[in-house]
Amino acid sequence: MRSPSCRHLSRRPFSHGWIALLAVALGSAWTTPLPGELRDSFETSDPSWKLVLSDGQTRVLLHTRDFRVARSGHASESIGLSTQGGSYAYLAYEINPLMLIDELQASVWVRANRSGLQLAMRVVLPHTRDPRTGRNISVLVRGGSNDQIDVWQQLTIGNVRRAFEVKRPALVDQYGPQVDFREAYVDRILLNAHGGKGTTQLWIDDLELTGDIGVDQVGTNSIRLSAAEDPTSDGAAADATASRPATSAQAAMRAESPSSVSGSQFLVKSRPMMPRVKRWYGEPLTAIKDLRFNAVWLDALPPPHVLIEAERLELWLIVPYSPGNDERLFHPRTIAWAMAPQTVASFTEIRRELLTRPRSVRRPLLLPDSLSDLAEPDDMIWRLERDDRPDGERLAVGGGRPIWSEHRPNGAAMESTRHQIYTAAMSGARGFVFDGPLPSSANERSHHERRAIEQLQNELQLIEPWIAGGHGCEAIRSSDDTWRIAAFPSVRSRLIVALRSNPSATRFRPPLQLVDPGAAPTHDAFRIEENALTPLRHRRVAGGLGIDLPRPDDVNLLVVTQDSLTVNYLGRTILESAQNSALGLSRRTP
């Protein structure tokens, strides 16, 4: 099997090896909300809004977090749309279902080059269906719109329940007196970003929602709607919500999957994710969480206490797929299904069953080696087979879909595992599966092995935005065959990975000169180390930005950026990770 590889960037030959490098900016997290409130100041790197419906021709030109423009804090969400015709282009912000109460109101700050952008919320009637579509009736409650250009304006919806009451007579006229308004709830905040023909550029900041009382807090049996039941949806397959109270199994099978696939990106809750998966050998889930893993791969459907513990620890699950409607397959923490070897003979039947399920509830399915020839093109079915590399790693691969590589780490030789992981990343891997039991905490050697795994996890977590959600991988050609070099670009920065092709060949480490053909002359260069972000000498040269790397290791991570927020965040995060790891190690040491 051939693994996907980075696309190549050529450059003029030079007497030394040269490397490309990149990074991404992340910000601080949410502001702390008061009870009954939700606040989002959009300080992290992952976008929260998404385009869900337009009645014209609408294209997303740009969608990112902007660390240069903000009403408060350090960042805002920036979106550029090109529209032709129509009157609406709805951006959606997903929320947990909220009961309609007098105190429920929402506000958001918007800055745009067009006026007329309007805030709205969707109200759902869980006990009444539209006879034409079979879906639950829903209606939009609209709020304020902006009337100024290129200035921040607050858009509000005050007393959503009262605004909805005004619409009740029209709903009765349209659908008849059988309309049931009991337990109506809000499940989506919307922004009509249609600014007229042409390009609309907007920034969104400081979302606030008060009266945040979820439906689960008042005992309703209503199920959250899927995209298919949403009049502002993007047309996903139907996932009907029953008008009668649902059993837990029915609710699980109707609940929208937390995971999906977009090209080569694996998404969880609509955001790119780098799975750092631990195959489960019965260890306490707390021990897996302590070592910074974010998912667990089980060989059998989990018992209830494991599900409860996974929810408490916020660990994602990969579980074996089995025919039928076992609710554990559709548990909110389940992000992927795996084909067990004993079900190979029935794969055709299982695949037929899978295709009958609504797409919105399906999880990606991982296939074993023996089924690789049976896998048909489907962005939700991947093969998991052994790669032809000497280290014997395994890759979940297939047709431009996300790739996960599998490794058996040895804490005593973690540098070798680290080299394998970055080699896999250069081949397109966006997630990593760790096989084998965890080292115990019984002796000093085991403490060092656990420390090595923890350091690697901290590093992978730090670079997750580039690997999981970046713009792919660019291979950098070098005149020095002893190095393999790749760049992972993002909007404002570039991460460069430089690997020595044969790390055990020599201990002599001459300085390495790198050229990044994708970096701007104004960019600065830094080296990511365990306890520091170290500036590097750099200069403009023919073919790109020249960077001097003294005393290179077998694995080298560098960042090229001109964004001070990126540099400050990376430096602070590296320091915090080192301090937390040292504290955790001291607590585990007898």
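Let me start with the loop between β2 (37-40) and β3 (50-54), where phenylalanine 42 lies, and I should say at once that this is a predicted model. Phenylalanine 42 has a positive phi of about 55°, although it is not a glycine. Most residues other than glycine have a negative phi. Is phenylalanine 42 buried or exposed? At 0% relative accessibility it counts as buried, since the cut-off for that class is under 20%.

A second residue with a positive phi is glutamate 183, where the value is near 55° and the residue is again other than glycine. Glutamate 183 sits in the loop between α2 (168-175) and β11 (185-192), and at 30% relative accessibility it counts as partly exposed.

Let me turn to the nonpolar cores. The largest of them has 62 residues, and those with the most contacts inside it are Phe432, Leu460, Ile463, Phe488 and Ile528. Helix α7, which covers residues 414-426, gives the most to this core, with 6 residues. If we take phenylalanine 432 and leave aside its neighbours within four places in sequence, its contacts include Met274, Pro275, Arg276 and Val277, then Ser405 and His407, and also Ile421, Ala424, Ala425 and Leu460. Apart from this core lies another, of 41 residues, among them Val139, Leu155, Val179 and Ala193.

Next, two buried residues with polar side-chain contacts. Lysine 278 is in strand β16, residues 276-279, and at 2% relative accessibility it counts as buried. What does the side chain of lysine 278 reach? It reaches the backbone oxygen of glycine 436, at 2.8 Å. Not counting residues up to four places away in sequence, the residues that lysine 278 touches include Glu283, Phe293, Trp297, Phe434 and Leu438.

Glutamine 457, in helix α8 (residues 444-462), likewise counts as buried, at 1% relative accessibility. The side chain of glutamine 457 makes a polar contact with the side chain of arginine 276, at 3.0 Å. With the same sequence neighbours set aside, that is, those up to four places away, glutamine 457 touches Arg276, Leu291, Arg292, Phe293 and Phe434.

Now to helix α5, residues 304-313, whose buried residues are Val306, Leu307, Ala310 and Leu313. Why can we say that they line one face of the helix? Seen down the axis of α5, these buried residues fall within an arc of 135°, and therefore they line one face. An α-helix has 3.6 residues a turn, so residues three or four places apart point the same way. On the other side of α5, Pro304, His305, Ile308 and Arg312 are exposed, while what covers the buried residues includes α4 (285-290) and β18 (316-321). The helix is followed by glutamate 314, whose phi is positive, near 60°.

From β18 we can step across to its partner, strand β19 (residues 334-339), which is mostly covered, with 6 of its 6 residues buried. The pairing of β18 with β19 is parallel and runs over 5 bridges, and within it the bridge partner of tyrosine 321 is methionine 339, in β19. Which strand, besides β18, pairs with β19? That is β20 (residues 365-367), which pairs with β19 in the parallel sense over 2 bridges, and here tryptophan 337 stands opposite leucine 365 in β20.

Key
Residues are numbered from 1 along each chain as its sequence is written. This is a predicted model: local features need pLDDT of at least 70, side-chain atom pairs count only at pLDDT 80 or more; totals for chains, interfaces and linings use all residues. Side-chain values use heavy atoms; hydrogens and water are left out. A nonpolar core is a set of buried Ala, Val, Leu, Ile, Met, Phe, Trp, Tyr and Cys residues joined through side-chain atoms within 4.5 Å. Buried means under 20% relative accessible area, exposed over 50%, partly exposed in between (1.4 Å probe, protein chains only). Helices (H or I, at least four residues) and strands (E, at least two) are DSSP runs, numbered from the N terminus. Contact means heavy atoms within 4.5 Å. A polar contact is a pair of N or O atoms within 3.5 Å; within protein, one must be able to donate a hydrogen and the other to accept it, and residues adjacent in sequence count only if both atoms are side-chain atoms. The arc is that of the directions from the helix axis to the C-beta atoms. Two strands pair if DSSP finds at least two bridges between them.
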